[in-house]
Amino acid sequence: MTNYISSNLGYPRIGAYREWKSALESYWSKSITEESLFSQTKKLRLANLQKQKDIGVEWIPVNDFSFYDHVLDTAISFGVIPKRFQQLDPTAIDTYFAIARGNKEAVAAEMTKWFNTNYHYIVPELNDVTPSLVENRALRYFNEAKEELGIKGKPVLVGPVTFVKLAKGYDDNQLNEIVQSFIPLYTQVINELVEAGAEWIQIDEPILGTNLTVNEISLVEEVYTQIKQATPNAKLLLQTYFETVQHYDKVIKLPVDGIGLDFIHGDYFPLIEKIGFPQDKVLAAGVVNGRNVWRADLTKTFDLVRKIEEATKAETIILQPSSSLLHVPVTKESEQKIDPIILDGLSFADQKLAEITTITKGANEGEEAIKAELQESKKAHEALSNSPYRQNESVAEELANLSKDEVKRALPFAERIQLQQEDLQLPLLPTTTIGSLPQTAEVKSTRTKWRKGEITNEQYEAFIQTETKKWIQIQEDLDIDVLVHGEFERTDMVEFFGEKLNGFAVTEFGWVQSYGSRCVKPPLIVGDVSWSEPMTVKEIVYAQSLTDRPVKGMLTGPVTILNWSFVHEELPRFTVQEQIALALEKEVLALEESNVTIIQVDEPALREGLPLDQLKWPAYFDAATRAFRISSASVKPTTQIHTHMCYSEFSEIFEVIDALDADVISIETSRSHGELIDTFEINHYDKEIGLGVYDIHSPRVPSVEEIKENITRALRTIDAKQFWINPDCGLKTRGEEETIAALRNMIQSAKEVREEY
Ligand code: GLN
Ligand code: ZN
């Protein structure tokens, strides 16, 4: 008989009401002390552990908490501190925040997306460091849980291979040597944990879901052999997630005590059938989706568990979510406004853990023991499947009628750009911004009042207009060439469209951490998506009425809307993506109809949705390109289509960037310290492009010199005739004063560089 144990891989840090965010931001703005930051976050951390215990989870993770990001935590505890911060005290929380956010003297470390998620980690910089154990944080959190709550937690570590692979500042041929240099530190961390009483230790190696080279996989073998030898009393659980591990045969033979596999996103049965599962190891099976918010159909989950048992014949199976629950909101308990049919079909972190404990009970005691729960979850699923959300026939018809041929602009780029230039008459090196402008406390509080019904629609709209008007004036005074309306009416670029398109639903508290204290509230896609009326036209037309300079229409693209929403599991993703694209096409045409001549369709999530397994890339690229073109290609040749993307490895997706056929693309560049510029030279990019000339994630105001340097660096590679000057990304989270100062310097830089041409 197989023995089942319930477990969790990681719990959201932010709190049901984003208490974590409030604590951090209050500390940053100096309205609370360091002591208070520590006590508030400790309270939350302990409450999160207690909650998991109350739900009945047997293995509760510790060291999943972080003050910003767990990769940064790992770096700092190993003394991996960028050179420009090395004169600071490595144990001080302010040093930690300085690396994450930048300070007056130094730019922040690069931030990039964690595998195929919208969670951003801080990229460790390995140049100029000799790793050493500065602090065993896992031990600190393990002891805390034990002493304060009597919980013997399961420490979670970012594994050495994943850590180094995600870091930068070394050449590929140094990989082995660098990973090796961390092994003594890892073994010390593990041995100290064992000494303190830890039993199982979870080592996360999601990198195993990506395409590793032969050398890399033998490195993995070597690393774990060494770690195991040096930590004979530890029980190591090697945890993978998000994708099928690429070298299953080798991974299951690694000298560890347990292997964690994601059965939701991985395709393991063919591998188990062929290769088997080692009988001397514990299997930790991810059976509830840790990446979405939908209630599991527990009958199916139960069948999956029985199938896993039969296939692996494992003696002990740990049942757990497919990944850390960092990627889902905390609890659905406070949701009051959402349609009850949808609410009943939801499952956030707490509900997912309850699903895990239910399934564990059923697996141990037999199906009868959880009969009521099985029936209830089936009923919830059926109710949603049969609801009107799923029966929009006109959408199905429109999709069916869509030609399968390539979707193209009426004229090729070289011809249409000339027409656009004639119409627009922009100077060399035109200046613009990415869309959003600072959302002050007043903007946010006014929106809250409006949502609560404390002010009327008219009052709210009038307020938005005042804000827009103020900023059109500011942009004109700064002498920016292509203006934006500022997106003051939007909280979040996807949620905004989610509230207006059919087929979507929004939550009140469904927040998920995106980067640092910043959280997003992804909308839900519950059924067929369609457009019913203009969503953005009024605001753009108003902004345009205030100025003679062009104001960009501003939309979020289909790939991003899809990737940043929680799409119901029963809906085929690529179909939903085309439905969104068709809806956006109507919006694009409505803007054009209202004489908007530049329309930006943002696709910041294009890279992030890329599957971890390269074999799946072509299908993803094709679908993404097609969707973007459906939404944007039917405009007149004179209408200029812009797109925007942020923080990513662009060399990988260059092909698709090119295929989108947007007239102008703006890309985050400064935060990654200019590393992507070469991509565009190597590939001979021929369209117009704005490589961000300053980082917007920090309150620091960049100097004219610094911005000029960034511009000149790009112009060594890219023709000035193709080049636009813009910040890295939207300015929503910045303060007004610092934004104006930064933009003033940006415009000044542009003018000075123009003189040289
Ligand atoms: N237009 C959006 C903005 O400026 C783009 C944001 C993004 O790239 N994430 O806010
Ligand atoms: Zn961006």
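Which residue stands opposite Leu-524 in S14? In this predicted model, that residue is Ala-505, and the pair belongs to a region described further below. The briefing turns first to two groups of positions that UniProt annotates as "binding site" in an unreviewed entry, one including Arg-18 and Lys-21 and the other including Ser-436 and Glu-487, and then to the strands.

**The annotated group that includes Arg-18 and Lys-21**

- According to the unreviewed UniProt entry, one "binding site" feature covers Arg-18, Glu-19, Trp-20, Lys-21, Lys-113, Arg-518, Cys-519, Trp-564 and Glu-608.
- These positions do not all gather at one spot, because they span 591 residues in sequence and the farthest two C-alpha atoms are 27.3 Å apart.
- Arg-18 is found in the loop between strand S1 (3-6) and helix H1 (19-28), and it counts as partly exposed because it has 18 C-beta neighbours inside 10 Å.
- Leaving aside residues up to four places away in sequence, Arg-18 touches Trp-511 and Cys-519, and Cys-519 is itself one of the positions in the annotation.
- Lys-21 lies in helix H1 and is partly exposed, with 18 other C-beta atoms within 10 Å.
- With residues up to four places away in sequence again not counted, Lys-21 touches Ile-14, Ser-517 and Cys-519.

**The annotated group that includes Ser-436 and Glu-487**

- A further "binding site" feature, also from an unreviewed UniProt entry, is placed at Ile-434, Gly-435, Ser-436, Glu-487 and Asp-602.
- Although these positions are spread over 169 residues of sequence, they cluster in space, with a largest C-alpha distance of 12.9 Å.
- Ser-436 sits in the loop between helix H16 (413-424) and helix H17 (441-451), and it counts as buried because 21 C-beta neighbours lie inside 10 Å, where the cut-off for buried is 20 or more.
- Apart from residues up to four places away in sequence, Ser-436 touches Gly-486, Glu-487, Gly-730, Leu-731 and Lys-732.
- Glu-487 belongs to the loop between helix H18 (457-478) and helix H19 (495-500), and this residue is buried, with 23 other C-beta atoms within 10 Å.
- The contacts of Glu-487, not counting residues up to four places away in sequence, are Gly-435, Ser-436, Met-554 and Lys-732.

**Strand S17 and its partners**

- Strand S17 (residues 598-602) is mostly covered, since five of its five residues are buried.
- Ile-598, Gln-600 and Asp-602 point one way from S17, whereas Ile-599 and Val-601 point the other way, and all are buried; Asp-602 is also among the positions that UniProt annotates.
- Strand S15 (residues 553-556) pairs with S17 in the parallel sense over four bridges, and within this pairing Met-554 stands opposite Gln-600 in S17.
- S17 also pairs in the parallel sense with strand S18 (residues 640-645), over three bridges, and the bridge partner of Ile-598 in S18 is Gln-640.
- From S17 the chain crosses through helix H23 (residues 617-632) to S18, and this β-α-β crossover is right-handed.

**The sheet S11-S14-S16**

- Three strands form an open sheet in the order S11-S14-S16, with mixed pairing.
- Strand S11 (502-505) and strand S16 (566-567) stand at the edges and each have a single partner strand, so one side of each is left without a neighbour in the sheet.
- S11 and strand S14 (residues 524-530) run antiparallel and are joined by three bridges, and Ala-505 stands opposite Leu-524 in S14.

Terms used:
Residues numbered from 1 in each chain as written. Chains lettered and ligands numbered in written order. Predicted model: local features only at pLDDT ≥ 70, side-chain atom pairs only at ≥ 80, totals over all residues. UniProt positions renumbered as here; feature names shortened; annotations may be inferred. Helix = DSSP H or I, 4+ residues; strand = E, 2+ residues; numbered from the N terminus. Buried ≥ 20, exposed ≤ 12 C-beta atoms within 10 Å, placed from the backbone. Contact = placed C-beta atoms within 7 Å. Pairing = 2+ DSSP bridges. Right-handed = clockwise from strand over helix to strand, strands pointing away.
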